[in-house]
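Dear colleague,

I am handing over a structure for your consideration. Please find it below, followed by an account of what was found in it.

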Amino acid sequence: MLAEMRESKKETKTQRLYSQTIRRKLIFVFFLLVLLGVIAVVAVNVGSVPLGAENILFSICNRIFFTSFPCRELTSTIVWELRLPRIFMAIVVGAGLAMGGSALQGILKNPLASPYTLGIASAAGFGASLAIIAGFGLLGQQNLWIVANAFIFALFSSSVVLGLARVRKATPESLILAGVAMMFLFSAMTSLLQYMGTEEQVTAVVFWLLGNLSKATWLRVGIVSVIVLGVFPLFMRYAWDFNALTIGDETAESLGVNAVKIRLVGLALASLVTASAICFVGTIGFIGLVSPHISRMIIGGDHRFLFPASCLIGAILLLAADTAARTILSPLILPVGILTSFLGVPLFLYLIIRRRKEYW
Amino acid sequence: MKLRIEGINFRYNSRLVLKNVSLEVGEGEIMTLIGPNGSGKTTLLRCIMGTVTPERGNVLITGRQISKIKKKDLARCIAYVSQNESTNFPVTVFDAILMGRKPYLSWNPGSRDFKIVCEVLQTLSLEELALRDLNELSGGEKQKVLIARAIVQEPEIILLDEPTSNLDLKHQLEVLETIKGLARERKISVIMAMHDLNLAPRYSDKIAMLKSGEVFSVGTPHQVITSENIKEVYGVEATVYNHHDAPYVVAGKA
């Protein structure tokens with residue numbers, strides 16, 4: 001410790017300035033964490049049924065600290081069975097999509113990539129449509145089939161892309177082309193299903209495709225959390241490799257990075273996170289594309305900070321959007337996917353106009 | 001002998017790109033690869049840094065076959081400065097150079113890593129640019145940053161693919177002086193691919209002239225840069241003068 005301090009006294013001016021930028025990035029990540037907390041608190045408070053901050057606080061305390069503040073059963077149910085799972089679902093799904101997006105943009109060296117670039121979204125959509133229209137499973141278990149199908153087809157699509165990439169060389173271009181092919185395949189198949197489905201079924205499919213958080217339960221929150229929290233440290237571990245990949249395969253290789261391996265493993269992990277997030281909530285758009293951009297604009301492209309920052313931004317955006325979706329037309333609840341898409345448009349226009357560079 | 005290339009054959013889509021290439025580079029020596037477009041210069045560099053494996057022949061570093069060296073260890077030994085590196089993402093000059101420490105990092109860079117980066121920034125007078133975005137720099141500045149990255153990699157061998165292309169005259173000389181300094185002071189062996197037949201001899205100990213994947217001629221600049229060789233390899237009539245002890249080429253007509 002002392003030796004370190006003595007060492008740091010000898011720091012040059014450049015090094016001091018650099019350390020400052022690192023500190024600023026850490027502060028930003030911390031700030032995002034606080035902001036997420038604040039929005040979560042606001043989100044518990046709003047909803048079609050006014051509950052009162054005090055009652056909500058009591059009901060939360062009662063469950064966590066086994067206190068016995070006076071609190072109605074209904075309040076407790078609304079808070080614990082509806083609002084909290086929904087809030088946590090927004091957080092983990094938002095973080096998961098942003099993580100997938102950051103990874104894909106880095107891996108494909110393409111700022112326009114999103115977690116859906118490999119065709120995951122349309123494959124998941126097809127899986128869900130298959131469950132809804134072709135009626136996989138019994139009525140009572142249809143929900144389960146939607147989730148299972150969406151997850152399986154999402155992973156199937158990305159495995160096909162990865163499989164092709166293994167045969168040919170896994171360059172960003174070949175991966176994107178294969179992804180586009182999968183996307184068209186599954187959208188065509190979804191359209192075919194929709195053409196054959198009844199009006200109600202098609203409505204259900206469209207609703208699913210828009211993406212919404214209405215079916216959040218603690219179990220589902222738990223499953224997505226385990227995957228998101230499990231994959232995050234892996235991405236962080238390879239942060240330097242991702243940094244190297246963004247500057248080019250050749251240079252990355254010369255720095256001892258196995259470019260092809262990192263690319264394939266990264267894609268597999270990103271697909272897993274994305275599939276697990278969207279299979280429960282549908283294909284919520286733009287979060288995975290926009291979050292890494294915002295984060296890069298503020299703290300730069302270093303993946304050591306990009307991953308945590310963009311996950312937090314994704315969580316914040318989805319939670320804020322869903323809270324807005326629950327309130328603007330209350331008691332009508334909009335599918336959050338519509339809102340995030342709206343959100344994406346001005347943000348991108350802003351990015352184009354404000355930034356004079358060709359990237360961000 | 002620092003680097004030995006023994007009878008390399010490399011095939012790309014069934015076309016033989018390198019034919020029986022053998023070369024030797026000593027410690028602190030600068031060897032320049034010249035030859036027309038498509039003569040195999042870049043492919044040869046790739047074989048040396050191990051990103052592609054030749055179908056026949058070996059590359060040896062101080063007697064060890066590179067195919068048997070682990071990637072990470074190889075990265076501590078050979079650095080590569082690519083011809084046109086570009087990224088769609090923001091990266092500061094400091095971070096771009098720090099990346100050269102990747103083969104040594106566990107995860108978090110330590111004070112030694114920072115110290116090395118700062119020293120190199122100072123040596124190449126890049127300090128003022130340290131926190132600027134790499135993509136905002138001029139071609140010459142950027143090339144220096146890429147060389148700085150190669151230096152912090154603390155390699156024994158540096159490979160450069162056309163380090164002076166796209167640079168103005170002053171930056172060309174600056175970059176080549178820097179490279180020469182590395183070879184002389186740090187005893188780093190340098191292998192670079194170049195097109196400029198007049199700059200190459202001034203900064204090289206040895207020149208290897210490639211013609212359709214074969215070493216056509218190798219030796220001192222005076223031995224290799226001759227009007228016969230230029231006629232044979234480039235198909236250009238040229239007169240070679242002697243200017244301050246270096247061959248100087250004035251091209252006639254193609």
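The notes that follow treat the two sheets of chain B, the interface with chain A, and a few backbone details.

Please bear in mind that this is a predicted model.

**The six-stranded sheet of chain B**

Chain B contains an open sheet of 6 strands, in the order E6-E7-E8-E3-E9-E10, and its pairing is mixed. Strands E6 (78-81) and E10 (214-219) of chain B form the edges; each has a single partner strand, so one side of each is left without a neighbour in the sheet. On average, and with direction ignored, neighbouring strands of this sheet are turned by 15° against each other.

At the E6 edge, E6(B) runs parallel to strand E7 (residues 157-161) of chain B, and 4 bridges join the two. One residue pair in this register is B:Ala79 with its bridge partner B:Ile158 in E7(B). Helix H5 (residues 139-152) of chain B lies across E6 and E7 of chain B, and its direction is at about 170° to E6(B). Helix H9 (residues 227-234) of chain B also packs on the sheet, where it touches strand E3 (30-34), strand E9 (206-211) and E10 of chain B. The direction of H9(B) makes about 35° with that of E9(B).

Which way do E3(B) and E9(B) run relative to each other, parallel or antiparallel? They run parallel and are joined by 4 bridges. Within this pair, B:Met31 has B:Lys206 of E9(B) as its bridge partner. E9(B) and E10(B), by contrast, pair in the antiparallel sense over 5 bridges, and B:Met209 stands opposite B:Ser217 in E10(B). These two strands form a hairpin with 2 residues between them, in which B:Ser212 takes a positive phi near 35°.

**The four-stranded sheet of chain B**

A further open sheet of chain B has 4 strands in the order E2-E1-E4-E5, with antiparallel pairing. Its edge strands are E2 (15-25) and E5 (64-65) of chain B, each of which pairs on one side only. Strand E4 (residues 56-61) of chain B and E5(B) run antiparallel and are joined by 2 bridges; B:Leu60 has B:Gln65 in E5(B) as its bridge partner.

**The interface between chain B and chain A**

How many residues of each chain take part in the contact between chain B and chain A? On the chain B side there are 39, in contact with 38 residues of chain A. The area buried between the two chains is about 3,300 Å², and carbon and sulfur atoms give 65% of it. B:Phe89, B:Met99 and B:Trp107 supply 22% of the area that chain B buries against chain A, more than any other three residues.

As to polar interactions, there are 7 residue pairs in polar contact across the interface of chain B and chain A, both residues being at pLDDT 80 or more. Several elements of chain B each supply at least two residues of the side that touches chain A: helix H1 (41-49), helix H2 (71-75), E6, helix H3 (93-98) and helix H4 (111-123). The largest share, 5 residues, comes from H4(B). By class, the side of chain B that touches chain A has 18 nonpolar, 10 polar and 11 charged residues.

The count of salt bridges between chain B and chain A is 4, while the structure holds 22 over all chains. One joins the side chains of B:Lys102 and A:Asp241, at 3.5 Å from N to O. In another salt bridge, between A:Glu253 and B:Lys71, the closest N and O atoms are 2.4 Å apart. This pair crosses between chains, from helix H11 (residues 249-254) of chain A, which holds A:Glu253, to helix H2 of chain B, which holds B:Lys71.

**Backbone details**

Most residues other than glycine have a negative phi. Two further residues of chain B may therefore be of interest when the backbone is examined, given that general tendency. B:Asn20 has a positive phi near 50° and is placed in strand E2 of chain B. B:Glu162 has a positive phi near 45°; this residue lies in the loop between E7 and helix H6 (169-185) of chain B.

With kind regards

Note on methods: Residues are numbered from 1 along each chain as its sequence is written. Chains are lettered from A and ligands numbered from 1 in the order in which they are written. This is a predicted model: local features need pLDDT of at least 70, side-chain atom pairs count only at pLDDT 80 or more; totals for chains, interfaces and linings use all residues. Side-chain values use heavy atoms; hydrogens and water are left out. Two strands pair if DSSP finds at least two bridges between them. Axes are lines fitted to C-alpha atoms, for helices over the stretch in contact, and angles run from 0 to 180 degrees between N-to-C directions. Contact means heavy atoms within 4.5 Å. Buried area is the accessible area (1.4 Å probe) that two parts lose on being put together, summed over both. A polar contact is a pair of N or O atoms within 3.5 Å; within protein, one must be able to donate a hydrogen and the other to accept it, and residues adjacent in sequence count only if both atoms are side-chain atoms. Ala, Val, Leu, Ile, Met, Phe, Trp, Tyr, Cys and Pro count as nonpolar, Asp, Glu, Lys and Arg as charged, and the others, Gly among them, as polar.
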